[in-house]
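The exercises below are meant to be worked through with the sequence and the coordinates at hand. Each task is followed by a solution that proceeds step by step.

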Amino acid sequence: MSPTICSLTIRRAEPKDAAAIFDLIRQLAVYERLLHEVTASDADITATLFDDQPRVFCDIAEWNGETAGFALWFYNYSTFLGRHGLYLEDLFVRQEFREHGIGKALLRHLAQRCLTEKLGRFEWSVLDWNQPAIDFYEKHGAILRKEWIGCRLTGEALEALAKGSDSP
């Protein structure tokens with residue numbers, strides 16, 4: 001009996017991947033217990049990822065030709081460094097493909113991009129209850145920055161501030 005040869009490929013997402021990316025986003029939202037917050041559609045994903053001048057990017061991990069996971073990211077900027085950085089918005093590997101090094105390969109792929117493009121930082125956030133992800137990231141050298149608190153404006157609060165009001 002010959003050994004099974006497994007193949008991992010990481011490639012830039014293409015428009016034909018939009019439905020698969022949206023499915024992965026929904027699977028991630030289920031895992032993070034945030035499915036109720038997903039208001040995007042696969043049309044939204046297609047429009048933002050594959051625009052003439054995209055501001056967000058996606059890499060697909062394929063295991064033996066099957067979509068196994070993705071990394072969705074964008075560039076940010078550090079005024080302290082005077083250099084761009086890379087912000088990883090989502091990293092997700094489907095349950096049945098975990099334990100094959102796919103998540104690490106996606107992180108390595110993005111780290112290599114940072115070095116190639118001379119980016120100053122590679123950053124992301126992780127939910128405080130997601131201990132498996134925290135352990136995974138720390139295992140690969142990530143430092144959890146607990147002194148920084150994330151801030152977000154959405155919906156009515158965003159509109160109020162844009163219109164000059166202090167609160168919704």
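**Exercise 1. Classify Leu161 as buried or exposed, and place Leu161 in its surroundings.**

Solution. The model is a predicted one, and the values below are computed from it. Begin with the relative accessibility of Leu161, which is 53%; because the class "exposed" starts over 50%, Leu161 counts as exposed. Next, locate the residue in the secondary structure, where Leu161 is found in helix α5, spanning residues 155-162. Finally, look at the surface around this position: Leu161 forms a nonpolar patch with Leu153 and Leu158, and together the three have about 280 Å² of accessible area.

**Exercise 2. Describe the overall architecture of the protein, from its elements to its surface.**

Solution. Start by counting elements, which gives five helices and five strands, and then read them along the sequence to obtain the pattern β-α-α-β-β-β-α-β-α-α. For the extent, take the C-alpha atoms along the principal axes, where they fill a box of roughly 70 × 35 × 35 Å. Then turn to burial, for which 32% of the 168 residues count as buried. The exposed surface comes to about 11,500 Å², of which carbon and sulfur atoms supply 53%.

**Exercise 3. Which residues have the most contacts inside the largest nonpolar core, and which elements supply it?**

Solution. The largest nonpolar core has 19 residues, and Leu91, Ile102 and Leu106 are those with the most contacts inside it. Tracing this core back to the secondary structure, one finds that β2 (57-63), β3 (66-78), β4 (83-93), α3 (102-116) and α4 (131-139) each supply at least two of its residues, with α3 giving the most, namely five. Taking Leu91 as an example and leaving aside neighbours within four places in sequence, its contacts are Leu28, Phe70, Ala71, Gly103, Leu106, Leu107, Phe136 and Tyr137. Apart from this core lies another, of 14 residues, which includes Ala13, Leu24, Ile25 and Phe92.

**Exercise 4. Determine how Tyr31 is exposed and what Tyr31 touches.**

Solution. Tyr31 is found in helix α1, residues 18-31, and its relative accessibility is 33%, so Tyr31 counts as partly exposed. Not counting residues up to four places away in sequence, Tyr31 touches Phe92, Arg98, Trp129, Asn130 and Pro132. With Asn130 there is a polar contact between the two side chains, at 3.0 Å. As a last step, compare sequence and space for Tyr31 and Gln95, which are 64 residues apart in sequence and 9.8 Å apart from C-alpha to C-alpha.

How values were computed
Residues numbered from 1 in each chain as written. Predicted model: local features only at pLDDT ≥ 70, side-chain atom pairs only at ≥ 80, totals over all residues. Heavy atoms only, no water. Patch = residues over 30% accessible without salt bridge, like charges linked within 9 Å, V, L, I, M, F, W, Y side chains within 5 Å. Areas by Shrake-Rupley, 256 points an atom, 1.4 Å probe, with all protein chains shown as cover. Salt bridge = Lys/Arg side-chain N within 4 Å of Asp/Glu carboxyl O. Helix = DSSP H or I, 4+ residues; strand = E, 2+ residues; numbered from the N terminus. Buried < 20%, exposed > 50% of the residue type's maximum accessible area, 1.4 Å probe, protein only. Core = buried A, V, L, I, M, F, W, Y, C linked by side-chain atoms within 4.5 Å. Contact = heavy atoms within 4.5 Å. Polar contact = N/O pair within 3.5 Å; in protein donor to acceptor, adjacent residues only side chain to side chain.
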